[in-house]
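Student: Please give me a close look at one part of this model. I want the surroundings too, with the reasoning spelled out.

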Amino acid sequence: MGLLSPTAARQVVRLPEGNQAEVLEAIRREALTTAELSGVVDLWLRCSERRQQQYLLQHPREALSQAKGELPAVRDPRLSEAGNQVWKRVGLLLDVLGRMEVWLAHQGRTGLTPQDRVILTPRFQKLARDAGSVAALSKDFVSELEHA
């Protein structure tokens with residue numbers, strides 16, 4: 001039908017049939033390149049949980065960067081100097097938060113000793129407070145941006 005290039009179509013057919021439409025929607029929404037599409041399909045096929053798939057659909061470029069161990073681009077020519085500084089900070093924060101989220105949800109808790117837990121408790125309490133504050137301020141800022 002001409003909606004996809006042959007190369008893109010070859011990538012999409014690698015996906016399970018029930019997942020093709022939602023991945024295609026993300027590809028179109030984000031205007032992914034063929035190489036990015038290939039990377040997204042590769043990641044999708046390695047996802048073991050729906051939560052990972054949802055993150056991939058919502059943030060395909062970030063997921064690709066994380067999979068490669070890279071940070072997202074630090075300079076966007078469309079942004080002012082101040083805008084680029086914020087872009088960089090948000091990118092770094094998202095990278096670190098993504099890694100912590102994966103660790104908290106899937107990995108290391110069982111490897112911690114009782115002493116580790118005692119020592120780490122105040123840090124996680126601070127993390128919970130600060131992350132909650134940043135989340136609330138971010139929601140407020142997003143609301144301001146959407147109504148500007």
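Tutor: Start at Ala-31, which sits in the loop between α2 and α3. The model is predicted, so read every value below as computed from it. Ala-31 has a phi near 50°, a positive value in a residue that is not glycine. Is Ala-31 buried or exposed? Its relative accessibility is 55%, so it counts as exposed, the cut-off being over 50%.

Beyond that loop comes the part to study, helix α3, residues 34–46. Check its length. The helix has 13 residues, and at 1.5 Å a residue these should span 18 Å. The C-alpha atoms at its ends are 19 Å apart, which agrees.

Which residues of α3 are buried? They are Glu-36, Leu-37, Gly-39, Val-40, Val-41, Leu-43 and Trp-44. When reading such a list, keep the helical repeat in mind. There are 3.6 residues to each turn of an α-helix, so residues three or four places apart point the same way.

Asp-42 also belongs to α3. Its relative accessible area is 30%, so it is partly exposed. Compare its position with Leu-64: the two are 22 residues apart in sequence, and their C-alpha atoms lie 9.8 Å apart.

What covers the buried residues of α3? The cover includes α1 (6–12), α2 (20–30), α4 and α5 (60–68). Take three of these in turn.

First, α2. Gln-20 lies in this helix. From Gln-20 to Val-41 the sequence separation is 21 residues, while the C-alpha distance is 9.7 Å. Val-41 is one of the buried residues of α3. Leaving out residues up to four places away in sequence, Gln-20 touches Val-12, Val-13 and Leu-15. With Val-12 there is a polar contact as well: a polar side-chain atom of Gln-20 lies 3.4 Å from the backbone oxygen of Val-12. The numbering places Val-12 within α1, another helix that covers α3.

Next, α4, which runs over residues 50–58 and holds Gln-53. Gln-53 has 14% relative accessibility, under the 20% cut-off, so it counts as buried. Setting aside residues up to four places away in sequence, Gln-53 is in contact with Trp-44 and Cys-47. Trp-44 is itself among the buried residues of α3.

Then α5. Its buried residues are Pro-60, Ala-63, Leu-64 and Ser-65. They pack against α2, α3 and α4. Leu-64, the partner in the Asp-42 distance above, is thus listed as buried in α5. After α5 comes Gly-69, with a positive phi near 75°.

Now look further along the chain. Helix α6 covers residues 81–106 and contains Asn-84. What is the status of Asn-84? With a relative accessible area of 4%, it is buried. Its side chain reaches the backbone oxygen of Leu-79 at 3.1 Å.

Last, the second largest pocket, with a volume of about 170 Å³. Trp-103, Arg-109, Leu-112, Asp-116, Arg-117, Leu-120, Thr-121 and Phe-124 line it. Which helix gives the most to this lining? It is α7, residues 114–146, with 5 residues. By class, the lining has 4 nonpolar, 1 polar and 3 charged residues.

Return to α3 to finish. Keep its buried set in view, and the helices that cover that set, including α1, α2, α4 and α5.

Key:
Residues numbered from 1 in each chain as written. Predicted model: local features only at pLDDT ≥ 70, side-chain atom pairs only at ≥ 80, totals over all residues. Heavy atoms only, no water. Helix = DSSP H or I, 4+ residues; strand = E, 2+ residues; numbered from the N terminus. Buried < 20%, exposed > 50% of the residue type's maximum accessible area, 1.4 Å probe, protein only. Contact = heavy atoms within 4.5 Å. Expected span 1.5 Å × (residues − 1). Polar contact = N/O pair within 3.5 Å; in protein donor to acceptor, adjacent residues only side chain to side chain. 1 Å grid on protein atoms, 1.4 Å probe; cavity = no way out; pocket = protein on both sides within 12 Å on 5 of 7 lines; lining within 4 Å. Points joined across faces, edges and corners; volume = space filled by probe spheres on them. Nonpolar A, V, L, I, M, F, W, Y, C, P; charged D, E, K, R; others polar.
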